[in-house]
Amino acid sequence: MRIKICGITQPQQGKAIADLGATALGFICVTTSPRYVTIKQIQAVVEKLPSKVDSIGVFANTRPEKIKQAVVDGGLTGVQLHGDESPEFCQQLRDLLPGVEIIKALRIRTATDFDKTAIYNLFVDTLLLDAYHPQQLGGTGKTLDWQLLQNFQPSRPWFLAGGLTPYNILEALSQVKPTGIDLSSGVERAPGDKDLQKVAQLFEKLGNR
Ligand SMILES: O=C(O)c1ccccc1NCC(=O)[C@H](O)[C@H](O)COP(=O)(O)O
């Protein structure tokens, strides 16, 4: 299973989290977020990582040229689109960034929001399902209704996100069968400051998954 820890800001924390077993790290490129990092900060983390660890830039309603610049200069392997990006925008980005993983995040409020996942299937590599919050785009600590996801089997690989912690992860995975999981505030001391003890606890709980 892929395990993505999002909202990394510090090189030592990024390296330690990769050493603990994360398969992907996420970098928030949304300026309004308390976890926002510059390209220079991303570079400083990425250069310490083993090449098998994916580096994902998280964007919201950002121009394609700006995303491309961050991918090239920051050494990113993937892009997570967390705003209102259309399927056509995802395709445009795919054409602009061949070989770069395109992840579309969908914030789920009601059962009908699942229909959107089918619309994006053809245009992205991976989906990410996150909780809806009226004021914040992500990193909210809010959980999804996992019961609604029990039979969710899209044709694309997908991450479960939203309010996951070392304490609820096994309960979530007993109900939902995602390809990967994504955690941020559930393994933090403060926004952007990861709690390595909580990250270690998460990997203990996950065992050999
Ligand atoms: O984390 C942020 O601050 C953020 C801001 C703007 C857009 C996206 C953001 N995070 C995206 C993520 O992938 C988070 O990991 C995801 O929302 C889960 O967060 P949490 O509920 O805190 O585990």
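**Strands, cores and a helix pair in a predicted model**

Q: Are the two faces of strand β8 (residues 180–183) buried or exposed?
A: In this predicted model, Gly180 and Asp182 lie on one side of strand β8, while Ile181 and Leu183 lie on the other. Each of these four residues has a relative accessible area under 20%, so both faces of β8 are covered, and the residues on them are all buried.

Q: Which residue of β8 is the bridge partner of Ile5?
A: Strand β1 (residues 2–6) runs parallel to β8, and 4 bridges join the two strands. Ile5 is also listed among the residues with the most contacts inside the largest nonpolar core. Its bridge partner in β8 is Leu183.

Q: What is the hand of the β-α-β crossover from β7 to β8?
A: Strand β7 (residues 158–160) pairs with β8 in the parallel sense over 2 bridges, and Phe159 stands opposite Gly180 in β8. Between these two strands the chain passes through helix α6 (residues 169–175), and the crossover is right-handed.

Q: Which helix gives the most residues to the largest nonpolar core?
A: The largest nonpolar core has 54 residues, and those with the most contacts inside it include Leu25, Phe27, Val79, Leu149 and Leu160. A second, separate core of 7 residues includes Ile103, Ala105, Leu128 and Phe159. To the largest core, the greatest contribution from a helix is 4 residues, and it comes from helix α7 (residues 196–206).

Q: Which residues does Ile67 touch, not counting those up to four places away in sequence?
A: Ile67 is one of the residues with the most contacts inside the largest nonpolar core. With residues up to four places away in sequence not counted, Ile67 touches Phe59, Thr62, Val79, Leu81, Phe89, Leu93 and Leu97.

Q: At what angle do the axes of helices α2 and α3 cross?
A: Two packed helices are described by the angle between their axes and the distance between the axes. Helix α2 (residues 39–46) passes α3 (residues 64–74) in a right-handed crossing, with Ile39, Ile42, Gln43 and Val46 of α2 and Gln69, Ala70, Asp73 and Gly74 of α3 making the contact. The axes come within 9 Å and cross at roughly 35 degrees.

Q: What is the relative accessible area of Asn61?
A: Most residues other than glycine have a negative phi. Asn61, in the loop between β3 (54–59) and α3, has instead a positive phi, near 50 degrees. Asn61 is exposed, with a relative accessible area of 51%.

Terms used:
Residues numbered from 1 in each chain as written. Predicted model: local features only at pLDDT ≥ 70, side-chain atom pairs only at ≥ 80, totals over all residues. Heavy atoms only, no water. Core = buried A, V, L, I, M, F, W, Y, C linked by side-chain atoms within 4.5 Å. Buried < 20%, exposed > 50% of the residue type's maximum accessible area, 1.4 Å probe, protein only. Contact = heavy atoms within 4.5 Å. Pairing = 2+ DSSP bridges. Right-handed = clockwise from strand over helix to strand, strands pointing away. Axes fitted to C-alpha atoms, helices over the stretch in contact; angles between N-to-C directions. Left-handed = near helix turned anticlockwise from the far one by under 90°.
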